[in-house]
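Please open the structure in your viewer and set it so that single residues can be picked and shown as sticks. The tour begins with the whole chain and then moves on to a group of aromatic side chains.

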Amino acid sequence: MLKIEKLKQEDIPAVIEISKTQFGINGWQSNLFCDELSKDNHYAFVAKLDGEVVSFVFIMKTFGVNGEDFNVLNIATKKGYENMGIGTEVFAFLIKFAKNVAAKGLWLEVRENNHNAIKFY
């Protein structure tokens, strides 16, 4: 069963590995993952399947003209676990999280050449 929870320090090595595998040199540097945990208005979650981290997401609260929004900073699912509905569940969790804190929007930028992400979103 998939469980989505707040990222813990001990989850970071698995998150870094997923990022390296999915994004290669275009991914975040290792220290950025740790830095995100200490920033105000930043949130990070992991999806675990049988205790194994299989997906992660980092979001940041922003303040726009219509109120609070969330921007998705980084999201990925581990290779071998794609197309299993995990990303859909993580995104559904984000929408519920945003609604629970009365956010007005949830934003995500996707690179033009990231066809899988464009198809998903």
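The stops below go from the overall fold to single residues.

**The whole chain**

Begin with a cartoon view, keeping in mind that this is a predicted model. The chain holds four helices and five strands, and if you follow it along the sequence, these elements come in the pattern β-α-α-β-β-β-α-β-α. The radius of gyration is 14 Å, close to the 14 Å given by the globule rule for 121 residues, so the chain is as compact as a globular protein of that length. Turn the model along its principal axes, and the C-alpha atoms fill a box of roughly 40 × 30 × 30 Å.

**Surface and contacts**

Next, switch on the surface, whose accessible area comes to about 7700 Å², with 52% of it belonging to carbon and sulfur atoms. Of the 121 residues, 36% are buried. If you look at contacts between residues at least 6 apart in sequence, 58% of them join residues at least 24 apart. Colouring by charge shows 14 positive and 15 negative charges, whose mean positions are 3 Å apart.

**The aromatic cluster**

Now select Tyr43, Phe45, Phe70, Phe93 and Phe97, which form one aromatic cluster. In the whole structure, a search finds eleven aromatic pairs. One of them joins Phe45 and Phe93, whose ring centres are 4.9 Å apart and whose planes stand at 70 degrees, an edge-to-face arrangement. This pair links distant parts of the chain, since Phe45 belongs to strand β2 (residues 42–49) and Phe93 to helix α3 (residues 86–100), 48 residues apart.

**Phe45 and its partners**

Keep Phe45 in the centre of the view: with a relative accessible area of 8%, Phe45 is buried, whereas Phe93, at 25%, is partly exposed. How are the rings of Phe45 and Phe97 arranged? Their centres lie 5.2 Å apart and their planes meet at 65 degrees, and because edge-to-face applies to angles over 60 degrees, this pair is edge-to-face. Phe45 lies in strand β2 and Phe97 in helix α3, so the pair ties together parts of the chain that are 52 residues apart in sequence.

Finally, select Phe97 alone and ask whether this residue is buried or exposed. Its relative accessibility is 18%, and because buried means under 20%, Phe97 counts as buried.

Note on methods
Residues numbered from 1 in each chain as written. Predicted model: local features only at pLDDT ≥ 70, side-chain atom pairs only at ≥ 80, totals over all residues. Heavy atoms only, no water. Phe/Tyr/Trp six-rings, centres within 6.5 Å; stacked < 30°, edge-to-face > 60°. Helix = DSSP H or I, 4+ residues; strand = E, 2+ residues; numbered from the N terminus. Buried < 20%, exposed > 50% of the residue type's maximum accessible area, 1.4 Å probe, protein only. Rg over C-alpha atoms; globule rule 2.2 N^0.38 Å. Contact = heavy atoms within 4.5 Å. Areas by Shrake-Rupley, 256 points an atom, 1.4 Å probe, with all protein chains shown as cover. Lys, Arg positive; Asp, Glu negative; His and termini not counted. Charge placed at Lys NZ, Arg CZ, Asp CG, Glu CD.
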